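Let's walk through this one together, starting at the end of a helix and working outwards from there. Keep the viewer open as you read.

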Amino acid sequence: MGISLMFGPRQVRKRPLQKLKKLNWLIILILTGIAFIGFAMLYSVAGGDFSPWASRQMIRFAFALLLMIAIALTDLRIWMALAYPAYFGGLALLIAVELIGATGMGGQRWLDIGIMRIQPSEFMKLAVVLALARYFHGLSIHRAQRLQSLVVPLFLIAIPAALVVRQPDLGTALMVIVGGIAIIFLAGARMWLFVTGFIASLAAIPVVWNQLRDYQQDRVLTFLNPENDPLGAGYQIMQAKIALGSGGVFGKGFMQGTQSHLNFLPEMKTDFIFTVLTEEFGMVGGLVLILLYMILLGYAVLVSISCRSQFGRILASGLSFTLFLYVFINIAMVMGLLPVVGVPLPLVSYGGSAMLTMMVAYGLILSVALHRDITISRTNPFAWE
Amino acid sequence: MDSEGEKYRFYSRRAALLAGAQGLLVTALAGRMYYLGVVESSEYKTLADENRLSLRLLAPDRGEILDRSGRELATNRRDYRVFLVPEQAKNVAKTLHSLGRIITLSESDQRRVERQIARQRSFLPVTVAENLDWDTFARVNVASPSLPGVQSGMGNTRLYPDGPLLSHVVGYVGAVTEEEVGNDPVLELPGFKTGKSGLERAFESRLRGEAGSSRVEVNAYGRVIREVQRQEGRPGENMVLTLDIALQKYAAERLGEESAAAIVMDVHNGELLAMASTPAYDPNQFNFGISRENWEALVRDPRKPLVNKCVAGQYPPGSTFKMIVALAGLEAGLIDPETEHYCSGRHRFGDRTFHCWRPQGHGNLGLVDAIARSCDIYFYKIAIEIGIDRISEMARQFGLGSAYGLEIPGEARGLVPSKEWKMALDGVPWQAGETLVLGIGQGALLASPVQLAVMTSRIANGGRAVIPRIVHTVGQDIAPQQTAAPLMRVSDDNMAVVRRGMEKVLEEKGTAYLSRLRGEGISMAGKTGTSQVRRISKAERDTRVLKTKERPWQERDHAVFVGYGPIENPKYAVSILVEHGGGGSTVAAPIARDILRRTLELDPSANPPVRPADLLRQRVAAL
């Protein structure tokens with residue numbers, strides 16, 4: 001294995017400038033468009049001011065965009081080689097949080113490393129997908145269908161999920177689990193497994209319920225009946241629905257949202273920013289944003305289908321599904337279809353972590369797109385097939 | 001490679017399935033958006049407006065109460081207040097604590113706020129502090145972003161500039177009680193006050209006015225962002241009373257520390273010019289809720305500061321009733337001015353001996369002197385001749401035994417005994433001895449000081465049945481004038497005889513000679529009275545009747561005096577009662593003289609009460 005092998009066969013290796021040209025700039029434009037919707041909403045929430053939120057969010061986005069392109073240009077095999085190290089590194093960080101993490105919002109989630117606070121659970125969402133993609137890449141379809149082949153993936157999912165639940169961050173844990181199960185499904189596990197698994201998880205609800213913290217139980221209860229407690233925990237959901245519903249079809253107009261500008265909406269620059277959008281731009285505004293997301297996710301699915309390596313396929317669709325979960329859970333939550341679990345709307349909600357996750361994930365998806373024609377050995381990413 | 005192809009096909013199938021599932025879920029989201037944003041949109045629009053808009057009542061200015069010349073007896077002072085809306089405060093204790101760093105909140109304030117929060121609906125504001133100065137108010141406003149649920153506002157505090165002076169007439173206002181809360185939403189305003197006593201209570205509905213409303217846009221913390229719509233209310237109506245505050249002040253000062261009542265009345269139109277009852281209380285202290293200790297002190301005081309003795313006090317009129325007995329006899333033709341009787345100081349009736357106030361007796365005297373010197377024996381004798389029926393009928397004609405519909409709550413009817421009354425009371429027939437006692441105004445007979453003033457007015461004005469009144473105008477309504485009150489069925493000549501007797505009371509040998517008005521070109525007639533609180537026993541008479549000062553306060557006699565002036569052309573009547581004061585001639589007569597002299601000097605009836613239009617002009621001129 002010489003130096004040339006490190007970067008794969010010569011015929012598929014391209015110079016960075018060529019790769020840059022081959023990037024799908026239309027998709028990057030859509031991504032930027034979504035971010036700009038977020039800036040506009042943050043500008044509105046601040047009462048028509050770029051400070052304090054919109055300007056900072058723009059700077060973050062600029063950095064994240066550069067990072068995303070850098071990731072996209074990096075060879076897919078490097079990402080495959082980094083899959084397990086990233087996974088175990090993430091696991092180590094999660095354990096570090098458990099031991100020395102900073103407490104905030106009712107849970108231990110952050111790790112303060114001086115210059116910034118990092119949230120290992122966010123990083124872990126991507127690392128689990130990478131690890132699973134790498135694992136299934138190494139299996140033939142027949143082996144993937146065997147039951148014993150699922151032991152390793154289940155551990156890959158369960159260990160970080162358990163650590164995240166302990167923080168406690170139920171939303172992220174659920175996203176890790178659901179995302180992981182989706183990957184197992186894509187990799188070809190037997191259908192009856194999912195049917196029995198679904199029934200089993202229904203049966204497990206009472207057990208899980210008893211394990212939940214009080215505030216988590218409250219969230220679920222008020223989700224089921226928000227009108228019961230309009231001033232307590234149901235307040236957020238009620239106000240969000242009022243903002244959404246009163247926006248009507250075309251909304252009240254930019255900067256005209258009363259629910260947001262008069263502070264009735266909770267957490268409106270972060271988790272509930274979708275309701276700010278729908279109050280001011282109505283159902284049309286909300287549907288446009290959802291459509292933009294769907295284009296991004298649909299593109300990822302197309303990339304995955306056109307990819308030659310199982311690693312690339314699973315990575316692209318697994319990440320796409322993770323992003324889908326973000327968007328779906330957030331929007332369903334603010335519309336009262338799911339309990340309020342604290343999942344932000346990627347790129348639009350104020351905050352660095354979710355934006356970074358989204359951009360890194362999309363960087364990986366674009367990397368898959370650039371390197372879709374590469375065939376990769378089952379065991380060694382840099383060996384000839 | 002074959003296996004890779006299979007892997008790919010398998011993957012594509014699964015990816016399509018997953019994408020389909022995602023598509024379904026997104027469709028569900030879009031459906032939900034359609035449901036909220038289109039189907040239920042109008043309902044949510046209403047809810048958003050309910051959030052955003054808050055209808056606030058604007059408390060109407062309470063009507064002012066003015067004296068006859070338009071001087072303020074009860075008015076409003078603008079002040080600054082701080083409210084707390086429990087619903088918006090979330091943590092009430094914490095908010096109160098933060099607020100406590102800006103304004104001083106005593107423990108009892110905190111308890112009161114917490115009690116009220118527990119009692120009323122949580123979206124209603126509770127008054128935390130009233131009567132703040134501008135600086136404090138401004139500090140609260142500056143800090144309000146960190147005080148969720150705290151609202152500030154301006155309000156009116158009822159102010160009684162003369163404090164206790166008119167407490168019994170005007171009354172006071174206090175916090176709305178639970179029984180009062182009804183249809184008028186203004187009563188639910190924090191810090192709203194309603195009349196609890198006196199005219200404030202009697203004219204509550206007209207003084208209150210109607211609330212206006214202001215539709216404001218508020219944020220989630222209840223802070224008002226802007227006013228959207230405003231509808232002005234109607235302020236309460238002003239009231240003009242017949243009282244003259246200068247005379248009222250003088251009368252109250254003259255009564256001083258006594259437990260007493262003083263009335264000055266215009267004998268022709270019944271206007272009450274002064275109505276003082278002492279001791280009084282300061283109605284201002286009821287504004288923010290009187291303390292328990294102060295309240296109990298007022299209730300327990302044996303001199304009854306809460307009672308308006310002028311209308312609610314009932315006393316035996318004593319010898320001031322002798323004019324009525326005399327008139328009853330003259331009208332029936334049973335006596336004439338020349339009728340003489342001998343007074344030896346004692347009179348035997350049945351198996352009992354009745355005494356004159358003058359133990360050595362008055363000797364022979366006629367009717368006029370009997371009044372002037374207040375001989376009891378003379379009136380014992382004629383009362384028996386005249387009989388209960390004629391006396392009580394005459395008493396009623398002169399306004400005793402009935403209420404006049406004065407608007408001051410608590411007006412007493414008094415009591416004029418009769419045969420029927422006695423029979424109904426305890427089933428025992430009227431005894432002749434009782435007529436005898438009635439002849440000197442004692443026994444069951446009871447009258448209030450204002451009734452005695454009416455009686456005196458009707459004697460002084462030549463037999464016109466004037467009715468007292470204290471309210472001149474309410475809003476634009478002027479109380480009907482009664483310059484020509486109906487004439488009573490009493491002859492002028494007989495009235496002249498009685499008036500002559502009253503004149504002689506203040507002449508030499510008269511019971512109030514020492515209190516006569518001298519020189520000065522002003523004159524006065526009157527009648528003293530002493531109403532016994534406790535019978536003098538035989539044993540006491542045998543040894544020595546204790547002097548007033550030697551008896552405990554509660555057992556001392558009430559001192560009474562009624563009078564009018566000037567003699568030639570009567571204009572004003574006075575009625576004085578000093579509870580447990582002792583003799584009418586020594587205690588009540590000098591007070592009556594001084595008050596009547598002051599009345600004649602001020603001559604309040606020379607200027608009729610201000611009319612609503614004049615009042616407006618007066619106010620505009622003051623600006």
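Right after α22(B) comes D603(B), with a positive phi near 45°; bear in mind that this is a predicted model. The helix leading up to that residue, α22 of chain B, covers residues 584-602. At 1.5 Å a residue, its 19 residues should span 27 Å, and the end C-alpha atoms sit 25 Å apart, which agrees.

Now look at what α22(B) tucks away. Its buried residues are G584(B), S585(B), V587(B), A588(B), A589(B), I591(B), A592(B), R593(B), I595(B), L596(B) and T599(B). The cover over them includes α10 (245-255) along with the strands β11 (260-266), β12 (272-278), β19 (525-531), β20 (558-565) and β21 (572-578), all of chain B.

Next, hop over to chain A, where α3 (25-45) packs against α4 (54-73) at about 160°, their axes 8 Å apart. Angles over 145 degrees count as roughly antiparallel, so that is how α3(A) and α4(A) run relative to each other. The crossing is right-handed. On the α3(A) side, A35(A), G38(A), F39(A), L42(A) and Y43(A) make the contact, and they meet A54(A), Q57(A), M58(A) and F61(A) of α4(A). By class that gives seven nonpolar residues, two polar and no charged ones.

Finally, how do the two chains meet? In chain B, 35 residues are in contact with 40 residues of chain A. On the chain B side, α1 (2-39) and α2 (41-52) are the elements that give two or more residues, and α1(B) has the largest share, with 21. This side of chain B is made up of 19 nonpolar, seven polar and nine charged residues.

Definitions and conventions: Residues are numbered from 1 along each chain as its sequence is written. Chains are lettered from A and ligands numbered from 1 in the order in which they are written. This is a predicted model: local features need pLDDT of at least 70, side-chain atom pairs count only at pLDDT 80 or more; totals for chains, interfaces and linings use all residues. Two residues are in contact if their C-beta atoms, placed from the backbone, lie within 7 Å. Helices (H or I, at least four residues) and strands (E, at least two) are DSSP runs, numbered from the N terminus. Ala, Val, Leu, Ile, Met, Phe, Trp, Tyr, Cys and Pro count as nonpolar, Asp, Glu, Lys and Arg as charged, and the others, Gly among them, as polar. The expected span of a helix is 1.5 Å times one less than its number of residues. A residue is buried if 20 or more other C-beta atoms lie within 10 Å of its own, exposed if 12 or fewer, and partly exposed in between; C-beta atoms are placed from the backbone. Axes are lines fitted to C-alpha atoms, for helices over the stretch in contact, and angles run from 0 to 180 degrees between N-to-C directions. Angles under 35 degrees count as roughly parallel, over 145 as roughly antiparallel, 65 to 115 as roughly perpendicular and the rest as oblique. A crossing is left-handed if the near helix is turned anticlockwise from the far one by less than a right angle, and right-handed if clockwise.
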